[in-house]
Amino acid sequence: MVPTPLALLGLQSTILLHSANSRFESVLALNPPIPHAKFVLLNPRDSVIVALQDLEPGTDLVLADQSFAVREFIPAGHKMAIRTIAAELPVFKFGWAIGLATQAISEGQHVHSHNLRCDHTIDLDAIATEIPADVQPINEFTFDGYQRAGGKVGTRNYLAIISNVNCSASVAKLIANRFDSAALAPFENIDGVVSFRHGSGCAMAFEGSRHRMLTRVLGGMARHANIGGFLLVGLGCEQGTLDHLVRSQKLHQITAPGQLDADDDVDSVPVLSIQNSGGTRSTVEQGVQIVAEMLPRVNAVRRCTVAASNLMLATECGGSDGYSGITANPALGAASDLLVACGGTTILSETAEIYGAEHLLTRRARSRKVAEKLLERIEWWKWYCRNYGEELDSNPSVGNKAGGLTTITEKSLGAVSKGGTTTLEAVYEYAEPVEERGFVVMDSPGFDPASVTGMVAGGANLVAFTTGRGSCFGFKPTPSFKIASNSRLFARLPEDMDFNAGEVIEGRSVQEVGRDLFQRLLDTASGEPTCSERLGLGDEEFVPWQVGPVL
């Protein structure tokens, strides 16, 4: 379909926004807006506009041949009604219902938590009915990465100390801390020695769901393309034993192609048990010695030019605001489409922030089976929340609501645009190895550290993180590239924001901004440090998702 132009305040211009589905086509206008517009109408079907700057009461607005007055203060990023909405009738944004009015809303009034509630249903008959055409392949993009055995490519080169239980977390940290910048100065190809510590590893059923999930996460980190070598550290009496981790995850040390022969023993993986190594101090010293012996081998790997198809991009949004679904997320979706065209992979996660917009994904699933797997995960989340007295509509945080987002449906409609417009190829459990190319979904919570941990454990070698309120996030060993949804945020946090997607409402199209973003992501994959890396962030954000009782 031909996209329908969108009108901005008193300026018959349009805004280019990315779509997750052809029925979302009105959000795909062809021209960028004129700078300094006061509001944007995202879809002709919408009953609200989004303020692009604070709107004072009494301000007269003009939209096409309609004029109306602002009745009450509308903060930037928030919604204002452009027609009367009766109580219990739907409110439309992005061309879709984002909830029901809890009272009559007049033209010109603020639409937010005081008069809007979540109400979500899904059309199950429409799944897998709008599969996009295959994308035209692109072969021109490359980056410089670390080639590993088995075809994986790293964007960084770390050495990892992995604690399998919280009881050995401090020892893992003490070992890693011995390798500061001075100690690593002779090893110019090593980005650092990082410890992966967490709050679990015991008090759970052996081979139960919690055990299997944590084992997947730890195994995924050990096998990760950004990890050139690793050391496993445990206590000795924990439920999640080191031996089980090594054998169930088939772990072995590989830094570069050809370094492991078929006859090599996987038991050669370096493992330290505090109880069997003489206690804390002795274990730390043994660990330091093992790491020191690994450093020359890990350092021997050099970057080489590889195709962009070797990039696996984890997409995340945190601290979202009313601009996120208009600028940063659609721009990242445009970059995601470019990556898919290059033969790479982009991951959408945060199932709690897909709820309310899952119909945009199930419609374009490769098959009914793929769509039904996503719907099964959504149903599991409903059950999970009921069991613990939670509601999925509680997901929008205080900061999200202050930024203009009201319901989980509204948040999700903007959030899913990070995944672009291509076919949904697969749905993965948390931290499962991602093997399918193209656009995929991974089940995860909306909590940023846990969500990113799962995607990285699944193989993501780069994180693209959009934010409207200002999430200052890093994640070792995978660089986290942060994308500001508005120029005010980009100017306010210059040391934390890598990219300004606010240009989308200042005169540039989503496609233009998305292409620039894609090039910046390739530069980051080639070694250009992100803001969080310059600040030294990323050691504390490893948070495996813990589901179920602690025994």
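**Rings and helices in a predicted model**

Biologist: Let's start with Phe475: is it buried or exposed?
Modeller: This is a predicted model, so take the values as computed ones. Phe475 has a relative accessible area of 3%. The cut-off for buried is under 20%, so Phe475 counts as buried.

Biologist: And what about Phe473, buried or exposed?
Modeller: Its relative accessibility comes out at 5%. With buried meaning under 20%, Phe473 is therefore buried.

Biologist: What share of the chain counts as buried?
Modeller: The chain has 551 residues, arranged with 14 helices and 23 strands. The share of the residues that counts as buried is 60%.

Biologist: How many aromatic pairs are there?
Modeller: Rings of Phe, Tyr and Trp pair up if their centres lie within 6.5 Å. Going by that rule, the count is 14.

Biologist: Take Trp380 and Tyr384: what kind of pair are they, and why?
Modeller: Their ring centres sit 4.6 Å apart, with the planes at 20°. Planes under 30 degrees apart count as stacked, so the Trp380 and Tyr384 pair is stacked.

Biologist: Which helix holds Trp380 and Tyr384?
Modeller: They're 4 residues apart, about one turn of the helix. Trp380 and Tyr384 are both buried, too. The helix, spanning residues 368-387, is H8.

Biologist: Back to Phe473 and Phe475: what is the angle between their planes?
Modeller: The two rings form an aromatic pair, 6.3 Å centre to centre. That pair is stacked, and the angle between the planes is 15°.

Biologist: Which residues make up the aromatic cluster with Trp380?
Modeller: Tyr384, the ring stacked with Trp380, belongs to it as well. The cluster in full is Trp380, Trp381, Trp383, Tyr384, Tyr388, Tyr430 and Trp545.

Biologist: How are H3 and H11 oriented to each other, and why is that the word?
Modeller: H3 covers residues 209-223 and H11 residues 448-457, and they pack at about 60° with axes 8 Å apart. Roughly parallel needs an angle under 35 degrees, and roughly perpendicular takes 65 to 115. H3 and H11 are therefore oblique.

Biologist: What is the handedness of the crossing, where H3 passes H11?
Modeller: H3 and H11 pack with their axes 8 Å apart. The crossing of H3 past H11 is left-handed.

Biologist: How many residues of that H3 contact with H11 are nonpolar?
Modeller: H3 brings Val217, Gly220 and Met221, while H11 brings Thr453, Val456 and Ala457. Among these residues 2 are polar, none is charged, and the number of nonpolar ones is 4.

Note on methods
Residues are numbered from 1 along each chain as its sequence is written. This is a predicted model: local features need pLDDT of at least 70, side-chain atom pairs count only at pLDDT 80 or more; totals for chains, interfaces and linings use all residues. Side-chain values use heavy atoms; hydrogens and water are left out. Rings of Phe, Tyr and Trp (its six-membered ring) pair if their centres lie within 6.5 Å; planes under 30 degrees apart count as stacked, over 60 as edge-to-face and the rest as tilted. Helices (H or I, at least four residues) and strands (E, at least two) are DSSP runs, numbered from the N terminus. Buried means under 20% relative accessible area, exposed over 50%, partly exposed in between (1.4 Å probe, protein chains only). Axes are lines fitted to C-alpha atoms, for helices over the stretch in contact, and angles run from 0 to 180 degrees between N-to-C directions. Angles under 35 degrees count as roughly parallel, over 145 as roughly antiparallel, 65 to 115 as roughly perpendicular and the rest as oblique. A crossing is left-handed if the near helix is turned anticlockwise from the far one by less than a right angle, and right-handed if clockwise. Contact means heavy atoms within 4.5 Å. Ala, Val, Leu, Ile, Met, Phe, Trp, Tyr, Cys and Pro count as nonpolar, Asp, Glu, Lys and Arg as charged, and the others, Gly among them, as polar.
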